[in-house]
Amino acid sequence: MQDELDTSQTFALSVTVNGRPWSGDVPVEETLIEFLRGRLGLTGTKRSCEAQVCGACTVLVDRRPISSCSYLTFEANGKSVLTIEGLAIGEQLDPLQAAFIRNIGAQCGYCTPGQIMAAKALLLENPSPTREQIAHWLRGNICRCGAYPGIAAAILEASREKR
Amino acid sequence: MGIRNWREAKIENLKSKIENHEESPRIDLQDKVTGAAKYIDDLPDLPGMTYAATLLSPYSHARIRAIDSSKAERLPGVLGVVHRDRLDGLNPLLPAHRHELFQLTADQPFVATDKVRFDGELVAVVAAEDMRTALRAVEMIEVDYEPLPPLFDATEALAPGAPILHESRGTNLLLEDKLEWGDVKRGFKEADRVFEEVYTSPAMFHHPMEPIGGCVAQFANDEINLWAPTSSPFRDTGEIAHFFGLDPEKVRVRVPYVGGGFGSKVITSAIFGALFLSRKIRRPVRLAPSAQESFRQNSRHAMVYKAKIGVKSDGALAALQVDLVVDTGAYTTGGATVTHNAAISAWGCYRIPHVSIHARCAYTNKVPASHTRATGKVQTTWGIECAIDSVARQMGIEPLEFRKKNALRRGEFVAKGTPAMDTDYSELMAEATAAIQWNGRSSSSGLPRASHFARGRGMALSLRHGSQGGGRAYAMATIDARGVVKIHHNTPEIGQGTHNLISVVAAKTLGIPQSEVRVAQPDTAMQLPFAGVSAQRTTMQMGKAVENAGENLKQELIRLAAQAKGGKPEEWQVVQGRLCRAERSFTFSEIVRTLGGSAVLKSIGSHSPPPTVRESAFSGMDHWAPSAAAAEIEVDCETGELRVLQFSVIADAGKAIHYASAKAQVEGGVVMGFGHALFEEVVYQEGQLLNGHTAEYRLPVMGDIPEALYASMVENEDGPGPFGSKGMSQTSIVTVAPAIGNAIYDAIGVRVRDLPITAEKILRALGKIGK
């Protein structure tokens, strides 16, 4: 029951987001997506199913993909968070971002930040995945527009470029 | 050339086609891959913003005895509550839906009054200082319900003695539609054989990844400012104004990027509630609905397709009679459009001299159903394309030959008042079958198999009618002293690449690079009517309006050039983005600057589709949107599991305005088609919607889609849109289920007739498990 929830408890957080350190108090029950969107204004991370199913809110914590809707902010203490806003270096897009544009790996674009971040985590772990490995890795990232052929092509292309 | 080589050559050809189109990147994608694209949830709060939560009915059918919101209203931070007893004299009935061919009456209050008629119907909205308080307040509202027996089947709803959902109507029948030509009785007499086939499609949910119904609503000083993801902002202004008794000009709707729609993104009941509360508490109100709420806003019509088909012994179709039962859910919503679209598409794409189609649309206690990608046509194509395959095989004729013989040929008319057939189906079929290395002949099903895996191939044709009606579409072009062209319009970017399309058409018309064209986000304050991004309308109607605005802007530039630099307007012309007279030429910027550095020239462009008239079912159409598809599948006869190994679809696009985007639309339709064919069904049981969340509703993921997905387009530049284009975004989705269903028959000799095609249904069809 929410009446009993003590909303006054906070946690003294130190976290790095997109390479920049951030410290401050956050409510213990605050999710990472609330922190990123609400406190830091990083609205590229998208809210959709809020149940760790659809992948729209995927960000990287210490290079691993997590669903920021179901991850409490304080769990990121002392860790490094990477969001879609942190991928490009200045005007220089990440090879994944450029490949998503070339291959129409996005249509409405709502799932796109999550798709790209999940793909980023994949390439960090496996720089040259097969299409099958890509499909398996991205099984938790739903694209209702059905841009999967473009997404798969983009990831393959970006992986070849990196090598 | 062998088929495999042919396919490789085609794929090479396709690659070079994309490269040769020398397209600029789609203009919205830079924002979308960097996280910069703003959707409704991403817009900043207005000063004094409040946050609203909704109370939805847990019952599919119940009488409301009482609502007590006093506890919620006393909770600190709660600012306002709206439900049936807190209406301040407002009539809660939403305006009747408009349809050019049907007279519809209003049947849905924005908050439930005497009854709730579906699981998820809006009962109350609470606005508070923060979202947490609003959600707590909603839980404190006590509603006394008297549960009533629910109806989840449209055929049962139409049976005598069924409980009546809208008592004042006295019947659950919402409307009927008929389409007839020839004399169907005579047709069946002339037929040598007559077949009967029944196919069903369940309710499904559009499931855009951005939830339905978010908004920022501000209603102050008798003026409305609304930001919302909607597909038809200009139409919405009229409905909102009508509901609140305002002048339409007092309603301004702005649309940020929209996170998918597929027909579902509309002004929801809760948005009307948010507007009501904003006026009452004199502060802006924000709605940010959950996935569960989104699921209860909209759905696709369940449908039963029952056909009687008469064929002559030489394989010529003689007569077709179709009975359709359409389930619109609790309220009218999209009932008229869907029923009409189903009726006028139920005959497929075939030459049939005698046709009689009768559609009945009924109320049930399901979530109200609205337009869904290829509205009405997904369900009817599942019916007619499986039925045609089945009839061909029962006649001992190859389905491919049967289709070739009976499909309308270029230039033929289906009936009075229709455009002539504008495609060559035999070419589409040849390409679709070759793309999966298939000679188009059936496997010899029924033969003993070496293993329990069986492979089969099947095909389907699609004939989506092109855009229909919608009234005049307008766009405005401006050019400033820098030479930057900006296009204003009311066309949301909902995923298809509409803004890129506008940019390409404007740039080509004016002969300037796309980088010099900006495309505004929709803003109804510009007073530019457009029926919205639906019904394959955008390329045709908005494309033509933008082309026209570009042409008019050229004339405006020419008039100014003559005035500033001399000569008569007819001596001037625009060549490759420059204004030329004899050997002198100027940039657009140089001419606009003659009026000063802050000068702007403007032009309006418009397009009017053919009129829609009651006398002709097909009126308002100006072209067809055809495609052909082929599938290769493998069935595990022990487990019933199905794998799609290859899928191809060839759409007649006339001319792809941006080839890569158009191809992605064709592919996207196929992907959604996979969901509808194999997984998706909104399940109702024991009075409730059982699987109303992403976690409980199986959507297609990348691994479901074969790598061998071949999507291509025919470009004969013969459409009525800009540069010979046609509407083509909805033609692929409808082919998927029947192509797969026909391939299953080819593999194992049995038919699944009820979507989705699950392993269980395959085993049942094989007689391996009981009914």
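Here is a short, friendly note on the domains and cavities of this predicted model.

1. A good place to start is chain A, which is divided into domain 1, residues 2-86, and domain 2, residues 95-162. Taken over C-alpha atoms, the centres of domain 1 of chain A and domain 2 of chain A are 23 Å apart.

2. How many residues of each domain of chain A are in contact with the other? On one side there are 17 residues of domain 1 of chain A, and on the other 15 residues of domain 2 of chain A. About 1,300 Å² is buried between domain 1 of chain A and domain 2 of chain A, and carbon and sulfur atoms give 65% of that area.

3. For the polar side of that interface, look for one salt bridge between domain 1 of chain A and domain 2 of chain A. A salt bridge joins A:Arg64 to A:Glu125, with 2.6 Å between the closest N and O atoms. Five residue pairs in polar contact, both at pLDDT 80 or more, are also found across the interface of domain 1 of chain A and domain 2 of chain A.

4. Now turn to chain B, whose domain assignment gives domain 1 (3-34), domain 2 (40-148 + 215-287), domain 3 (302-468 + 614-765) and domain 4 (473-607). Between the centres of domain 2 of chain B and domain 4 of chain B, taken over C-alpha atoms, there are 38 Å.

5. Domain 2 of chain B and domain 4 of chain B are in contact through 19 residues of domain 2 and 16 residues of domain 4. The area buried between domain 2 of chain B and domain 4 of chain B is about 1,400 Å², with 59% given by carbon and sulfur atoms.

6. Which residue forms a salt bridge with B:Arg252? The partner is B:Asp523, and the closest N and O atoms of the two are 2.7 Å apart. The count between domain 2 of chain B and domain 4 of chain B is one salt bridge, along with five residue pairs in polar contact, both at pLDDT 80 or more.

7. Last, the empty space inside: there are seven cavities of 30 Å³ or more. The largest cavity holds about 60 Å³. From chain A, A:Ser48 and A:Cys49 line the largest cavity, while its lining from chain B includes B:Phe205, B:His207, B:Met209 and B:Thr694. By class, six of the lining residues of the largest cavity are nonpolar, four are polar and none is charged.

Definitions and conventions: Residues are numbered from 1 along each chain as its sequence is written. Chains are lettered from A and ligands numbered from 1 in the order in which they are written. This is a predicted model: local features need pLDDT of at least 70, side-chain atom pairs count only at pLDDT 80 or more; totals for chains, interfaces and linings use all residues. Side-chain values use heavy atoms; hydrogens and water are left out. On a 1 Å grid over the protein atoms alone, a cavity is a set of points where a 1.4 Å probe fits but cannot get out, and a pocket is an open set with protein on both sides within 12 Å along at least five of seven lines; lining residues have an atom within 4 Å of a point. Grid points are joined across faces, edges and corners, and a volume is the space filled by probe spheres set on the points. Ala, Val, Leu, Ile, Met, Phe, Trp, Tyr, Cys and Pro count as nonpolar, Asp, Glu, Lys and Arg as charged, and the others, Gly among them, as polar. Domain bounds come from an automatic or database domain assignment. Contact means heavy atoms within 4.5 Å. Buried area is the accessible area (1.4 Å probe) that two parts lose on being put together, summed over both. A salt bridge is a side-chain nitrogen of Lys or Arg within 4 Å of a carboxyl oxygen of Asp or Glu. A polar contact is a pair of N or O atoms within 3.5 Å; within protein, one must be able to donate a hydrogen and the other to accept it, and residues adjacent in sequence count only if both atoms are side-chain atoms.
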